[in-house]
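Q: Hi! Could you walk me through this structure? I have a handful of quick things to ask.

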Amino acid sequence: MATVHFLLLLAATGGRHRVSGGCLGKCCSGRDMSCTSTDWRMDRAHGTCYCDRGCAATRDCCFDYFSHCPAQACSVNAWSLWSGCAEPCRPSRRARVRQVAERPNDGGEPCPALREEAGCMDYRDRRGSPCGLDAGPAFITSLEFGKARPLRDPYGKPLDAEFCVEFSLESRSPHCAAENRPHTRWMRYFAEGFTVCVACQPPAVRNRSGGCQGDGRETDRDAVLQWQAVGNPRCGGTWRRIRKTQKCNCPPQHSFVFI
């Protein structure tokens, strides 16, 4: 605290007591022993002081270093496009990356995450053929995933309209609540007893049945069905189908899409 008061006093009276120097226009990168001036130092001594980025660690900066050579926060470029799914015809993962534009210095904010992953599913195999119809649990992910889905097929023909299915959540594994990655946090915001809405959209709609895998269209109303979150194979549980609707009317944090 005494050092701070000393530097503030120097800043206020610098016009009367400074002989020459200071860091104005003299900031240097890295540790540069030639980046010097003559003025008051952080250790309250008057004489040779430094204006390079290493002086903060050695405490021999000129007293006005932090005014004229402020900390630089990390700067990053925009995210790349999402990659394709790692594996076709099954729940998998996709990724996107970004590059560091300028690294932090002088205690500036560190760089944020440079890679993100999210769940996904491709509906064609490596040869471009449609994936087969598989029975199994409902694979779901955040409603945000559905916003990037195409509205037309490769030939420009409009895809079938989507519909929504409401479920009453019966159980959820504890692994869902532990998720904190950017594209998996949605798994934390619903629990037993909640009503959730799941949109069935192309291309997840199966051509033969007109429904999505695990939507419960061919089961009894009281049947307990399985669901699994895409992006975390240990996050899953059970639910009961309530009804089919034209649009999803649940809150955003309780709205999902079939994969």
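A: Happy to! One definition before we start: helices and strands here are DSSP runs, numbered from the N terminus, with at least four residues for a helix and at least two for a strand. Also keep in mind that this is a predicted model.

Q: Thanks! Where is threonine 141 found, then?
A: Threonine 141 sits in strand 7, which covers residues 138-142.

Q: Is threonine 141 buried or exposed?
A: Its relative accessible area is 5%. Buried means under 20%, so threonine 141 counts as buried.

Q: Which residues does threonine 141 touch?
A: Leaving aside residues up to four places away in sequence, threonine 141 touches Trp186, Val230, Phe256, Val257 and Ile259.

Q: And how many residues of strand 7 are buried?
A: 5 of the 5 are, so strand 7 is largely enclosed by the rest of the structure.

Q: Which strand does strand 7 pair with in the parallel sense?
A: That is strand 10, residues 224-229, and the pairing runs over 3 bridges. Within it, isoleucine 140 stands opposite alanine 229 of strand 10.

Q: What about an antiparallel partner for strand 7?
A: Strand 12, residues 255-258, runs antiparallel to strand 7, and 3 bridges join them. There, serine 142 stands opposite phenylalanine 256 of strand 12. Phe256 also appears in the list of residues that threonine 141 touches.

Q: Nice. Switching to charges: how many salt bridges are there?
A: The count comes to 9 salt bridges.

Q: Could you pick one? What does aspartate 60 meet in a salt bridge?
A: The side chain of aspartate 60 meets that of arginine 31, at 3.2 Å from N to O. The pair links distant parts of the chain, 29 residues apart. Aspartate 60 is in the loop between helix 2 (55-58) and helix 3 (65-68), while arginine 31 is in the loop between helix 1 (2-17) and strand 1 (36-40).

Q: How accessible are aspartate 60 and arginine 31?
A: Aspartate 60 is buried at 13% relative accessible area, whereas arginine 31 is partly exposed at 39%.

Q: Which residues are linked with Asp60 in a network of salt bridges?
A: Arg31 and Asp52 are linked with Asp60 in that network.

Q: Got another one, say for arginine 240?
A: Sure: the side chains of arginine 240 and glutamate 170 meet in a salt bridge, with N to O at 3.3 Å. Arginine 240 lies in strand 11 (residues 236-245) and glutamate 170 in strand 8 (residues 163-172), so the pair ties together parts that are 70 residues apart in sequence. Arginine 240 is partly exposed at 28% relative accessibility, and glutamate 170 is partly exposed with a relative accessible area of 34%.

Q: What does glutamate 117 meet in a salt bridge?
A: Glutamate 117 meets arginine 115 through their side chains, at 3.1 Å from N to O. Glutamate 117 counts as partly exposed, with 31% relative accessibility.

Q: Last topic, backbone angles. What is the phi of arginine 44?
A: Arginine 44 has a positive phi of about 75°, although it is not a glycine. You'll find arginine 44 in the loop between strand 1 and strand 2 (46-50), and it is partly exposed at 41% relative accessibility.

Q: And phi of arginine 59?
A: Phi of arginine 59 is near 60°, again a positive value in a residue other than glycine. Arginine 59 is in the loop between helix 2 and helix 3 and is partly exposed at 42% relative accessibility.

How values were computed:
Residues are numbered from 1 along each chain as its sequence is written. This is a predicted model: local features need pLDDT of at least 70, side-chain atom pairs count only at pLDDT 80 or more; totals for chains, interfaces and linings use all residues. Side-chain values use heavy atoms; hydrogens and water are left out. A salt bridge is a side-chain nitrogen of Lys or Arg within 4 Å of a carboxyl oxygen of Asp or Glu. Buried means under 20% relative accessible area, exposed over 50%, partly exposed in between (1.4 Å probe, protein chains only). Contact means heavy atoms within 4.5 Å. Two strands pair if DSSP finds at least two bridges between them.
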